[in-house]
Amino acid sequence: MISTKERENTIREKQILKEAITDALNQGQSFSLWKTPGINQKHLILCSAIKEVSDFALEDGASGFAFAPFNPNEKKFLFPADVHYQFENEIQTEGPQGDSSPNRKSFTNYSNEKPKYHRSIIIEHHSSRDFVELVKKGLREISAGQIEKAVPSRCEDIAVTDEFDLLQAFEVLCERNPQAMVSLVSSPQTGTWLGATPELLVSVNNQNVFKTIALAGTLAYSPEIDLKSVAWTQKEIEEQALVCRYIINCFKKIRLREYEEHGPRTVVAGNVMHLKTIYEVDMSATNFPQLGSVMLKLLHPTSAVCGMPFENAFAFLKINEGYHREFYSGYLGPVQINNESQIFVNLRCMQVYKESVRLYAGAGITIDSDPEKEFEETEMKMQNLQNLLTQ
């Protein structure tokens, strides 16, 4: 049972978040709000402007929030940590304290005012059913030996009213996805994006330990399922194994042999399950102090969101996918916040327009794929966010 004190803390946290974000947006500023996976910790960064960067220095660079597109040749951005709030178990632990603090603006009463989020301009895209034909094209390329795996994706626009509350949606995603990286970001350059991604791309902790994961294969999840007895098909096992091989090949490129491998094991991500393998490296023991930054450049975009071999799969998607992914299946996350960096693949996300939102989802295809089942997989993946729109 929630105590009166805990309830008051929750109300206070939400009040600070709404007031700070509304005030920043009213001034044309940008923000990034996120929840750390695994623990009840939230962060908010406010900045007067985001910065275009060529790369991110995860070990010793400027602190902020990274936001990068799927296409590695397009612009990447850093949300500088001009003002940083941190909450743990609904208690504010970092950032300006109280209206009288010289570091915190005196907020106007925003209790009845809705934040004016930065909105993207709608770009037309192919219909959902074109996805089945896209998968069939991919299978023909695989059969011809041009690619080994591809990860086609699609998007779907859904109308929303002014009653759709993004901050409330963020809170609901936090509650429903405790092991995900839940984020809400908004800037003039990127527009506004909300999501709950299960996929870590790269992390470097304050003990100089590097981590990445291979996450692939998808099955529907329900609470009565025993995760230890889930039966994965050959197609899903091979799909996940390809991602593992992709990561190991990146290690080989930099002649790194000292790594730990754990998995694969079944994990839950919202309403679906995946196979997950963890890779860890002691950066001090291997004398590789820039490993996180180097691997970020090598890994993105991984075979889990693009395909293998990279050049052929990327070219196939660019020609045939029928729309611009923008920041979907790019990456995002805190850089040098509390001396740690955590970068995640931007999956299970939505892009916010004036009167609608765009949902994104993809599916990894191999020689054993069935086009209709791959379409159903994208439907499952979108369901986690669709549920927010029907409440």
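The legends below describe close-up views of two pockets in a predicted model.

**View 1. The largest pocket and its centre.** In this predicted model, local features need pLDDT of at least 70 and side-chain atom pairs count only at pLDDT 80 or more, while totals for chains, interfaces and linings use all residues. Residues are numbered from 1 along each chain as its sequence is written, and side-chain values use heavy atoms, with hydrogens and water left out. The largest pocket (on a 1 Å grid over the protein atoms alone, an open set of points where a 1.4 Å probe fits, with protein on both sides within 12 Å along at least five of seven lines) holds about 650 Å³ of space, a volume being the space filled by probe spheres set on the points. Its lining comprises 35 residues, each with an atom within 4 Å of a point, and closest to the centre are Pro37, Gln179, Pro198, Lys276 and Phe344.

**View 2. The elements that line the largest pocket.** Among the elements that each supply at least two lining residues are strand S11 (191-197), strand S18 (341-345) and helix H7 (371-389), where helices (H or I, at least four residues) and strands (E, at least two) are DSSP runs numbered from the N terminus. Strand S15 gives the most to this lining, with five residues.

**View 3. The second largest pocket.** This pocket has a volume of about 490 Å³, and of the 23 residues that line it, Lys114, Pro115, Phe164, Asp165 and Leu166 lie nearest its centre. Helix H1 (4-26) and helix H3 (166-176) are the elements that give two or more residues to the lining, and H3 gives the most, with four.
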